[in-house]
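Subject: A structure for you to explore

Hi there,

Here is the structure I promised to pass on to you. Have a look at it first, and then read on for what turned up in it.

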Amino acid sequence: MKTAFCSLLGAAAILAAGATTTLANDRYADMPPVMVSPDLSAPWVLQLGHAPGIVRPTRQATQQPLQRLFQTQPDRQRTAAVQQPAKRMVMRPQINPIYLPQEVAYDGPAKPGTIVIDTHQNFLYLVEKNGKARRYGVGTGKPGFEWSGTHKITDKKVWPDWRPPAEMIKREAAKGRYLPTYLAGGIENPLGARALYLGTTEYRIHGTNQPWTIGGAVSSGCIRMRNEDVVDLYERVNVGTTVEVI
């Protein structure tokens, strides 16, 4: 009996050795192909958690573009945009509409074609026929520089030069304002776009680069008009026209 038992153990050992050798050899044998279900909607595919065919970028891949952005544009990372300061705008007073040119009734004694300047109301009238006049707003002499009288227009000039009288230069210098002895005609010239010279005086009817002063007592005796108004008057009158200042 002991001999039979030993024989059985030997046979089992031989079988085990053969099975081990067979399994070892199967590791290096060709494996059968893996069959994937052609149905992409199979339950095992849906368990993947996202639609097939979509590859999610890794965390490292999403960070690389941001790193390149800051590496290639260091100025945007370190500095902030600075807005340019807004330009300051100086608001000038608007002229009172009453001083704009308009046709009005006139019943005074002056003949048509005469210029009448009312220095109290700051109006200039160009007398017309049939009891009408064309009225303009003007700036007149400030206190101490008022005057009245009758003169003829002796000259007309376009964009006139300005030569301040010596007395004016001295008077303004005492106030700390120094005038040039000569200023060529142009937009910066205080005589403006046109000038009508009155007799042999130093007074003129002229334009201005300060139109907001029209309607006030602002000059050193000259009659001041808006540039567009003095151009209009310039075209309507001739040398020899009578000018009455009252």
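**Salt bridges**

The structure, which is a predicted model, holds 7 salt bridges. If the term is new to you, the idea is simple: side chains of opposite charge can pair when their charged atoms come close.

A good one to find on your screen is the salt bridge between the side chains of D232 and R134, with 3.1 Å from N to O. D232 belongs to helix 6 (residues 227-236) and R134 to strand 4 (residues 132-137), so this pair ties together parts that are 98 residues apart in sequence. Are these two partners buried or partly exposed? D232 has a relative accessibility of 23%, so it counts as partly exposed. R134 is buried, because its relative accessible area is 16% and the cut-off for buried is under 20%.

D232 has another partner as well: it forms a salt bridge with R236, and here the closest N and O atoms are 2.9 Å apart. Both residues sit in helix 6, 4 residues apart, which is about one turn of the helix. R236 is partly exposed, with 43% relative accessibility. Which residues are joined into one network by salt bridges that share partners? They are E103, R134, D232 and R236.

Next, try R226 and D229. They form a salt bridge whose closest N and O atoms are 3.0 Å apart. R226 is buried at a relative accessible area of 14%, and D229 is buried too, at 3%.

**Pockets**

Now for the open spaces. The largest pocket has a volume of about 690 Å³, and 28 residues line it. To find its centre, look for W162, M168, S219, S220 and R224, the lining residues that lie nearest to it. By class, the lining is made up of 12 nonpolar, 7 polar and 9 charged residues.

Which parts of the chain supply at least two residues each to this lining? They are helix 5 (166-173), strand 8 (204-206) and strand 9 (217-219). Helix 5 gives the most, with 4 residues.

The second largest pocket holds about 220 Å³ of space. Its lining is made by T154, K157, D161, W162, R163, P165, Y197, G199, T201, E202 and R204. Sorted by class, that lining has 3 nonpolar, 3 polar and 5 charged residues. You may recognise W162, since this residue is in the lining of the largest pocket and in that of the second largest.

**A patch on the surface**

One last stop is a nonpolar surface patch of about 290 Å², made by V158, W159 and I187. V158 is part of strand 6 (residues 149-158). How exposed is V158? Its relative accessible area is 44%, so V158 is partly exposed. That value is also over the 30% that a residue needs to be part of a patch.

If you would like a place to start, begin with D232 and follow its salt bridges to R134 and R236. After that, move on to W162 and look at the largest pocket.

Enjoy exploring, and do write back with any questions.

Best wishes

Notes
Residues are numbered from 1 along each chain as its sequence is written. This is a predicted model: local features need pLDDT of at least 70, side-chain atom pairs count only at pLDDT 80 or more; totals for chains, interfaces and linings use all residues. Side-chain values use heavy atoms; hydrogens and water are left out. On a 1 Å grid over the protein atoms alone, a cavity is a set of points where a 1.4 Å probe fits but cannot get out, and a pocket is an open set with protein on both sides within 12 Å along at least five of seven lines; lining residues have an atom within 4 Å of a point. Grid points are joined across faces, edges and corners, and a volume is the space filled by probe spheres set on the points. Ala, Val, Leu, Ile, Met, Phe, Trp, Tyr, Cys and Pro count as nonpolar, Asp, Glu, Lys and Arg as charged, and the others, Gly among them, as polar. Patches are made of residues with over 30% relative accessible area and no salt bridge: like charges are joined within 9 Å, nonpolar side chains (Val, Leu, Ile, Met, Phe, Trp, Tyr) within 5 Å. Accessible areas come from the Shrake-Rupley method with a 1.4 Å probe; for residues, only the protein chains shown count as cover. A salt bridge is a side-chain nitrogen of Lys or Arg within 4 Å of a carboxyl oxygen of Asp or Glu. Buried means under 20% relative accessible area, exposed over 50%, partly exposed in between (1.4 Å probe, protein chains only).
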